[in-house]
Amino acid sequence: MAERMGFFTDTSVCIGCKACEVACKEWNDVPDDGFVFRATSYDNTGALGADSWRHVAFIEQSRPIRREREQAGPEGGLDGLDVLGELGGPGAPGGSDGPGGPGGPGGPDGQEGVEGWLMSSDVCKHCTHAACLDVCPTGALFRTEFGTVVVQADVCNGCGYCVPACPYGVIDRRERDGRAFKCTMCYDRQLGGLEPACAKACPTDSIQFGPLDELRARAEERVERLRGEGRARARLYGADPDDGVGGDGAFFLLLDDPEVYGLPPDPVVTTRDLPAMWRWAAGAALSLAGAVAVSFATAGRGRGWRR
């Protein structure tokens with residue numbers, strides 16, 4: 001088997017350009033997802049799905065803005081001017097250290113402003129322990145020699161078992177024919193020695209592709225650098241081989257809690273209890289068969305005694 005390959009997505013340098021979404025659709029011939037204007041964000045795709053294998057999330061971070069009343073000095077000026085505190089550097093009324101910041105009381109008028117944006121290009125995680133593989137009855141889902149998980153559309157029968165099995169809600173079925181689709185990490189490009197289209201198109205190297213072990217080491221260094229620069233909330237998500245899915249083949253550097261990005265904080269492979277359930281079911285079936293056999297034997301002896 002070839003060396004396991006993966007994605008490392010550094011959200012701290014994502015600019016939300018959506019070049020990865022476009023490249024993914026173009027290379028994989030993924031259809032459009034309706035061009036729906038959601039009126040809540042610049043994010044037009046909304047979530048991962050059968051027609052969105054890459055999804056760039058736009059997350060607004062809002063903070064209260066303090067409104068001050070500036071009094072004119074003895075030399076004149078603008079008497080009684082309401083001044084909105086600017087959202088910005090330390091000490092600004094709406095900044096990170098000001099009254100309108102995270103720890104401040106906020107303004108009396110209750111107004112809010114956008115302190116910043118969190119942007120993240122989400123994708124299938126290509127789990128080490130992939131529940132979608134466990135439940136697929138046709139073998140449409142398989143693990144490649146690169147350690148990625150791929151759906152064979154021509155084998156998929158549209159049963160949909162994989163959809164609720166995914167702990168991240170990634171895989172989905174197309175309404176047109178019912179078959180399941182998701183990111184393949186450009187398996188065809190990997191076979192040709194090329195990097196996936198999304199990583200190739202990313203202008204800031206937010207999406208990095210390569211051997212998974214190398215990416216994890218690089219990501220650890222990046223987290224330490226960001227924390228040293230004052231980004232105390234920087235963390236890795238999906239890089240731990242001991243987590244509930246055995247680590248992800250596509251992991252992320254986040255600047256806030258996973259829930260802020262719409263990610264489960266503690267993902268668990270949904271089929272982890274299947275072996276125990278099958279053992280219990282087998283035991284129950286054997287017990288039932290034994291009870292039925294005893295019942296028939298007892299009934300037979302009773303009929304013989306009456307004769």
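Biologist: What makes Asp10 and Arg222 a salt bridge?

Modeller: In this predicted model, the side chains of Asp10 and Arg222 come to 2.9 Å, N to O. The cut-off is 4 Å between a side-chain nitrogen of Lys or Arg and a carboxyl oxygen of Asp or Glu, so the pair qualifies. Asp10 sits in strand 1 (residues 5-10) and Arg222 in helix 6 (residues 212-228), so the bridge ties together parts that are 212 residues apart in sequence.

Biologist: Why are Asp10 and Arg222 called buried?

Modeller: Buried means under 20% relative accessible area. Asp10 has 3%, so it counts as buried. Arg222 has 17%, so the buried label applies there too.

Biologist: How many salt bridges does the structure hold?

Modeller: Eleven salt bridges. One of them joins Asp122 and Lys125, with the closest N and O atoms 3.0 Å apart. That is within 4 Å, so the name fits.

Biologist: Are Asp122 and Lys125 buried or exposed?

Modeller: Asp122 has a relative accessible area of 15% and is buried. Lys125, with 1%, is buried as well.

Biologist: What about Arg235 and Asp257: what makes them a salt bridge, and which parts does the pair tie together?

Modeller: Their side chains meet at 3.1 Å, N to O, and the limit is 4 Å, so they pass. Arg235 lies in strand 11 (residues 235-237), while Asp257 is in the loop between strand 12 (250-254) and helix 7 (274-306), so the pair ties together parts that are 22 residues apart in sequence. Arg235 and Asp257 also belong to a network of salt bridges with Arg233 and Asp256.

Biologist: Why is Arg235 called partly exposed?

Modeller: Partly exposed runs between the 20% and 50% marks. Arg235 comes out at 25%, so it falls in that range. Asp257, at 27%, gets the label for the same reason.

Biologist: Now the cysteines. Which residues does the "binding site" annotation cover, and how do you know that they gather at one spot?

Modeller: The unreviewed UniProt entry lists Cys24, Cys183, Cys186 and Cys198 under "binding site". They span 175 residues in sequence, yet no two of their C-alpha atoms are more than 10.6 Å apart, so they gather at one spot. Keep in mind that such annotations may be inferred rather than shown by experiment.

Biologist: What makes Cys183 buried, and where does it lie?

Modeller: Cys183 has a relative accessible area of 8%, and the buried cut-off is under 20%, so it qualifies. You'll find Cys183 in the loop between strand 9 (180-181) and helix 4 (187-191). Leaving aside neighbours within four places in sequence, its contacts are Phe7, Trp53, Val123, Cys124, His126 and Val149.

Biologist: And where is Cys198, and what does it touch?

Modeller: Cys198 is in helix 5 (residues 197-201). With 6% relative accessible area, Cys198 is buried. Beyond four places in sequence, Cys198 is in contact with Phe7, Cys20, Ala23, Arg54 and Ile207.

Biologist: Last one: why is the link between Thr148 and Thr144 called a polar contact?

Modeller: Their side chains are joined at 2.6 Å, and N or O atoms must be within 3.5 Å, so the distance test is met. Thr148 is in the loop between strand 6 (141-143) and strand 7 (149-151), and at 0% relative accessibility it counts as buried. Leaving out neighbours within four places in sequence, Thr148 has contacts including Met5, His126, Phe142 and Gln190.

Methods:
Residues numbered from 1 in each chain as written. Predicted model: local features only at pLDDT ≥ 70, side-chain atom pairs only at ≥ 80, totals over all residues. Heavy atoms only, no water. Helix = DSSP H or I, 4+ residues; strand = E, 2+ residues; numbered from the N terminus. Buried < 20%, exposed > 50% of the residue type's maximum accessible area, 1.4 Å probe, protein only. Contact = heavy atoms within 4.5 Å. Polar contact = N/O pair within 3.5 Å; in protein donor to acceptor, adjacent residues only side chain to side chain.
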